[in-house]
Amino acid sequence: MALSGMRGLSVFISDIRNCQNKEQERLRVDKELGNIRTRFKNEKGLTPYEKKKYVWKMLYIHMLGYDVDFGHMEAVSLISAPKYPEKQVGYIVTSCLLNENHDFLRLAINTVRNDIIGRNETFQCLALTLVGNIGGREFAESLAPDVQKLLISSSCRPLVRKKAALCLLRLYRKNPDVVNVDGWSDRMAQLLDERDLGVLTSSMSLLVALVSNNHEAYWSCLPKCVKTLERLAKNQDVPQEYTYYGIPSPWLQVKTMRALQYFPTVEDPNTRRSLFEVLQRILMGTDVVKNVNKNNASHAVLFEALALVMHLDAEKEMMSQCVALLGKFISVREPNIRYLGLENMTRMLMVTDVQDIIKRHQAQIITSLKDPDISIRRRALDLLYGMCDVSNAKDIVEELLQYLSTADFAMREELSLKAAILAEKFAPDLSWYVDVILQLIDKAGDFVSDDIWFRVVQFVTNNEDLQPYAALKAREYLDKHAIHETMVKVSAYILGEYGHLLARRPGCSPKEIFSIIHEKLPTVSTSTIPILLSTYAKILMHTQPPDKELQSQIWAIFSKYESCIDAEIQQRAVEYHALSMKGATLMDILSEMPKFPERQSSLIRKAEDAEADTAEQSAIKLRAQQQASNALMVTDQRPAYDTQAVNQPGLVKLPSMSNVERSNAEQGATHANGALTVIDPQLPSTPSPDLLGDLLGPLAIEGPPGTGPQIEPRLASDLESGANADALAIAPVEEQTQTIQPICNIAERFRALCMKDSGVLYEDPYIQIGIKAEWRAHHGRLVLFLGNKNTAPLSSVQALILPPSHLNMELSLVPETIPPRAQVQCPLEVLNLKPSRDLAVLDFSYKFGTHVVDAKLRLPAVFNKFLQPITVSAEEFFPQWRSLSGPPLKLQEVVRGVRPMPLSEMANLFISLRLMVCPGLDPNTNNLVASTTFYSEGTRAMLCLVRIETDPADRTQLRMTVASGDPTLTFELKEFIKEQLVYIPVPSTAPNPVPPPNPISPQALPTSPPTAVSDPGALLAGLL
Amino acid sequence: MPVAASAIYFLNLRGDVLINRLYRDDVGGNMVDAFRVHIMQTKELGTCPVRQIGGCSFFYMRISNVYIVIVVSSNANVACAFKFVVEAVTLFKSYFGGAFDEDAIRNNFVLIYELLDEIMDFGYPQNLSPEILKLYITQEGVRSPFSSKAADKPVPNATLQVTGAVGWRREGLVYKKNEVFLDIVESVNLLMSSKGSVLRCDVTGKILMKCFLSGMPDLKLGLNDKIGLEKESQLKSRPAKSGKTIELDDVTFHQCVNLTRFNSEKTVSFVPPDGEFELMKYRITEGVNLPFRVLPTIKELGRTRMEVNVKVKSVFGAKMFALGVVVKIPVPKQTAKTSFQVTSGRAKYNPSIDCLVWKIRKFPGQTEPTLSAEVELISTITEKKSWTRPPIQMEFQVPMFTASGLRVRFLKVWEKSGYNTVEWVRYITKAGSYEIRC
């Protein structure tokens, strides 16, 4: 060793080693550095020996972690020394102390270059090593051609060429733009003919880097690679020193196969055949042996071969062979091999058609799930997750659930998440999904993230069929002795929402449900108490008729929590208490939760996020995309817009209308709720022309009331055209040409907006239109929020208002384009001239890419927006009521087919329509009196009075009397209230969800024809 | 009284625990590992003596080659803890015969454990007075108090000692020759700007006594301090003597000083403990006589050369002299070569502390030796940071000189038997942190 004979250095090192503590060491180092500085500064200069010694010392001090910021000059100058020992020190110290950014290196470039192009091969090696270790840009610029020359020169020994290849590789990796590799494909091909395996291995590394950048240029190398592979694996033509445990140079094999994977495919049939032959040989010839090193080497080759097979998309036979091999691996005892087997199987999933073959090993994989080694368990879980599809979902999820109770804590969260996702994605039916999730919560409550139970609640809310089942299940779980808090949350929520659906079952009366939930209250944490409070409030709301005892119990709880320290609990307690005192208001606020907007499962998103880092997950993701079609969507209420779907409502609606009307007339009996499902077989074809006629026909808003029950169907539909036509006219008519489908039902959104002042009017994948309105007397101010959801701008945006005659509308300028992810606001001024139920339409269109989207949207500037609730006392009411005597100022009508609802609910509905319910004016508790003020420019403020008489025995019919100082207003208000009372929510009852742009507005749909009122006296008699 | 310690550790410089004692179980036994990892092995060591790691506070102090670490987990009195450490070290030193270092600890494990048991109880400091502890913890540290019953010497009544009127002195002492030694030791702290103006200057002084007196003597000390002199002239109704009077700040006394008499008569009278003790401490901020003036000129000539000229002027009396004067002139880290010319003493470059060290063994008063040095720097690859120019530091000792000008006017000894005593008085001034910016 070069150190021998350097006494000063060894003394210094032993001094350092003898230091008792860091402090002493520092002192010694500082002293030595001072000494070195003095020596370097000495005028007399240093002998080469001394220089060498001090530079070694500097290196040692540098390695100890101290800053050495001088003496580089000496180190660099040693590079140009003529003798090997000094040169070696110079190279080593320079490559340690300096990095590519040091200006000092420039001084060395020339010397290094001289060494590289010199004749001495040891010096060449030293120089190449230095360049490889710190080769920065400048080195690459000035030395790359020389290194390239060395690599292909025939006069050099393999030793030098090996180093040259690696040096070039490093320079290329660092600065691919500087190293000129144009026309190198031929040279690389030549290099691959090399007999010396060392040079070949180095060149192959270089090739991998080159090919990864640009595989096109190196097609010529492909056959050579295959030939190399053949030489190694088939002919075993390898010198003794390059075999490792009998395997011919596994490193070169791996590298060659890696290089081959960068080529998209192997086209030449001969090459392909011989490549497959080699791969076949590798696949066949690999087995598990005792020797660990041999195993490692052979498996490295094997797995690379597997990767190559997958890449080349080999024929099925070979794939199945691979899977069989992997299957053998995953049953081996050696954990490393089993791990690799599982991991590669997960990777194999990328190749679609092997999935079935993999499924054969399902049992073995499930066994691996119980392996003592957690990393193997994780791999097995990943694999199970990846291979799951509709066919085996039930088995796998059940297996996961079973395993969950014994699984390691570290894995439970992942396990439960994956089980939840699989259950969601591949659920054969929804009740199974609910079962699985509830079981999951039951078994691994602590590890079930909130997302999972939120998701199940979303499902249940959005699927009405599921609600009673879920409520029943939740009730069953509550019977268990000790249940997890998450289970309390889910059960409480579900029972609060849908507990009333169970009312007839034993043990499910509101009181019983309440008491069983209330049992859990003392054991839960503060985050759950608010949910329980909401549940109590809902139970209270659903208990009809009110149960005094239950009420007082719940009120006691509310008042207890009114002073709770937690703000959330306190607020809920106070609000629920106050609301439940009010009775009617409670109904409105606590009514059933609306459906959740459809969105990507947060679980799946979470899983995707978590998986983003591991490479093999790409396979799973790929499969997830393929299977997205059979994934279960929460509120997939968007059926295909085929003609049938569009026609269906029409077919259904009109006959049923006439059906209602006829049955009303003929029997005067109650009819099935909404009667939408009843399709009259007699009239299957009539509606279509009617529809057209209606569309073209004049508006008959102020047409006279119907004439009689004997009216023929044809006439009936004509008459009702007044109610329908406007709705028809405003419905979006482009739905068939439209390729971009709106998200969620537009009609439903519109209906919601009629009741409230802000919300979303329209949404599709590109745009969302929100609305916010303020109403003051007959003025209104709407603001449209046009939000671009995309990363690309929306162009040719146009918004046109088509106002009805009674509204003056002014829309401010809408910008032509909406920038990406931006929202623009467009204020819209509305002025109401006279009472009318006609609707304004917003014709909205935009262009996204090549799609032109045109939507006709109804604006929620509806009749009731111009109402202002007003309370009138008995003294004001009765004179007014009496003074407005008889038609046309006071109109009376018996309405049938009313949505059955309790009186309180009706009161809520009235309040939400801005009609003030005045209790106590009518002595009869079955009657309802309401008052409001209508504002328009023509009528100014006009008091309107409404009286509803209901029949407790038959809630589907009622008598309505409306009075105001303006005949038109009276009529319009009466019709409006009637529409609201008989309204039937379309999508929930339809077997197939109705397409949102229903050509006939659902609002206008169930209007009872005016003809029905022909004989109020007789009807009243029937009513009483 | 607040807690002072939950545990005490003695570590060597490598961080190995030499000895430790847990007084409370609110800190884990492995907390010292945290100290080792987070303090000792980082650059934090020496920056702040109080550090908090993971809910525990560490108070540490280095004494020779031992770190003494106190760990507490509650709100402790830090000053009390440090005082305790200092006192404990004094105690150990008096037991070990002067030295306190790693070897002394290794050689006296048993004794130290015994002492540690005695000087602190459940985190509360107890009696740390060597005189009293020596009564029942024998110097060898091998005999327990119980086995000492068999010894010839009767067991002294330690309780009486602790609770008695004169707890610090044993009765019945007899010396053939009655002697009193009194030392006034002052250390000067100075920070001076390069232009020669004083930025900060104060003197901390202490009066150390060593008494070898028989019986129960009563001593009275007179100094030329302002309050004492004024009171005296008041009492004796005669004008105060002309001459310099000194104003003492922050005076603290040993417990033996009779404070009531000090308050009424402003005289320091006391019954001294036997042997060595520190009678009082004080601080002076005004009217300080600086023993040395330093006039530095340091010129940086280009990137690699510096010229240093330092003139040190002694301003005390010509008959006096200073001993062990060391002037440390900082130079940049990349100093490579130095050459000196000094008019007295010797100078050399010490690369470990990056200073030129100029030593003058004997420095007579009213002289001004100079040093001129040429410093050559080596060039480095890192961008040359402008040198921060740390201050010049000085060390010295000037016997028979007080920077404050404090003098002992009298030291009277009364004893029943009325024996004659011999009083010895010494003065010495040392450098504290004596720094001159350059």
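What follows is a chat about how some of the helices, strands and sheets in this predicted model get their labels.

Reader: Let's start with trust. How do you know how confident the predictor is about chain A?

Author: Look at the pLDDT, the predictor's confidence in each residue. Chain A averages 75, and 80% of its residues score at least 70. Two stretches deserve caution. Residues 612-738 of chain A stay under 50, and the model has 172 contacts for them beyond four places in sequence. Over residues 985-1024 of chain A the pLDDT is also below 50, with 79 contacts beyond near neighbours in sequence.

Reader: Now the helices. Why are α1(A) and α2(A) called roughly antiparallel?

Author: Angles over 145 degrees count as roughly antiparallel. Helix α1 (residues 7-18) and helix α2 (residues 22-41) of chain A cross at roughly 155°, with axes that come within 9 Å. The angle is past the cut-off, so the two are roughly antiparallel to each other. As for handedness, α1(A) passes α2(A) in a right-handed crossing.

Reader: Which residues make that contact, and what classes do they fall into?

Author: From α1(A) you have A:Phe12, A:Asp15 and A:Ile16, and from α2(A) there are A:Glu25, A:Arg28, A:Val29 and A:Glu32. Sorted by class, that gives three nonpolar, no polar and four charged residues.

Reader: Why is α25(A) called oblique to α26(A)?

Author: Helix α25 (residues 466-479) and helix α26 (residues 485-498) of chain A pack at about 135°, their axes 9 Å apart. To be roughly antiparallel the angle has to be over 145 degrees, and roughly perpendicular stops at 115. The value falls between those limits, so α25(A) is oblique to α26(A). The crossing of this pair is left-handed.

Reader: What makes up the contact between α25(A) and α26(A)?

Author: On the α25(A) side it's A:Gln467, A:Ala470, A:Ala471, A:Ala474, A:Arg475, A:Tyr477 and A:Leu478, which meet A:Met487, A:Ser491, A:Ile494, A:Leu495 and A:Tyr498 of α26(A). By class you get nine nonpolar, two polar and one charged. Tyrosine is in the nonpolar list here, so A:Tyr477 and A:Tyr498 go there.

Reader: At what angle do α8(A) and α10(A) pack?

Author: About 40°, with the axes of helix α8 (residues 137-152) and helix α10 (residues 184-191) of chain A 11 Å apart. Roughly parallel needs an angle under 35 degrees, and roughly perpendicular starts at 65, so this pair counts as oblique. A:Gln148, A:Leu151 and A:Ile152 of α8(A) make the contact with A:Trp184, A:Arg187 and A:Leu191 of α10(A). That splits into four nonpolar, one polar and one charged.

Reader: On to strands. How do you know that β9(A) and β10(A) pair?

Author: Pairing takes at least two bridges. Strand β9 (residues 841-848) and strand β10 (residues 851-858) of chain A have eight, in the antiparallel sense, so they pair. One of the matches puts A:Lys847 opposite A:Val852. The two strands form a hairpin with two residues between them, and A:Gly849 in the turn has a positive phi of about 60°.

Reader: What makes β2 and β3 of chain B edge strands?

Author: Each pairs on one side only: β2 is 17-22 and β3 is 50-53. They belong to an open sheet of five strands, in the order β2-β1-β5-β4-β3, with antiparallel pairing. Neighbouring strands are turned by 20° against each other on average, direction ignored. Inside that order, β4 (residues 56-63) and β5 (residues 66-72) of chain B are joined by seven bridges, and B:Met61 stands opposite B:Ile68.

Reader: Which helices pack on that sheet of chain B?

Author: Helix α1 (residues 31-40) of chain B lies across β1, β2, β3, β4 and β5, running at about 65° to β4(B). Helix α4 (residues 109-119) of chain B touches β1 and β2, and its direction makes about 25° with that of β2(B).

Reader: What are the edge strands of the sheet β12-β10-β22 in chain B?

Author: They are β12 (268-270) and β22 (408-414), since each pairs on one side only. The sheet is open, has three strands and pairs antiparallel, with a twist averaging 15° from one strand to the next. Six bridges join β10 (residues 218-223) to β22(B), and B:Leu219 has B:Val413 as its bridge partner.

How values were computed
Residues are numbered from 1 along each chain as its sequence is written. Chains are lettered from A and ligands numbered from 1 in the order in which they are written. This is a predicted model: local features need pLDDT of at least 70, side-chain atom pairs count only at pLDDT 80 or more; totals for chains, interfaces and linings use all residues. Side-chain values use heavy atoms; hydrogens and water are left out. Helices (H or I, at least four residues) and strands (E, at least two) are DSSP runs, numbered from the N terminus. Axes are lines fitted to C-alpha atoms, for helices over the stretch in contact, and angles run from 0 to 180 degrees between N-to-C directions. pLDDT is the predictor's confidence in each residue, from 0 to 100. Contact means heavy atoms within 4.5 Å. A crossing is left-handed if the near helix is turned anticlockwise from the far one by less than a right angle, and right-handed if clockwise.
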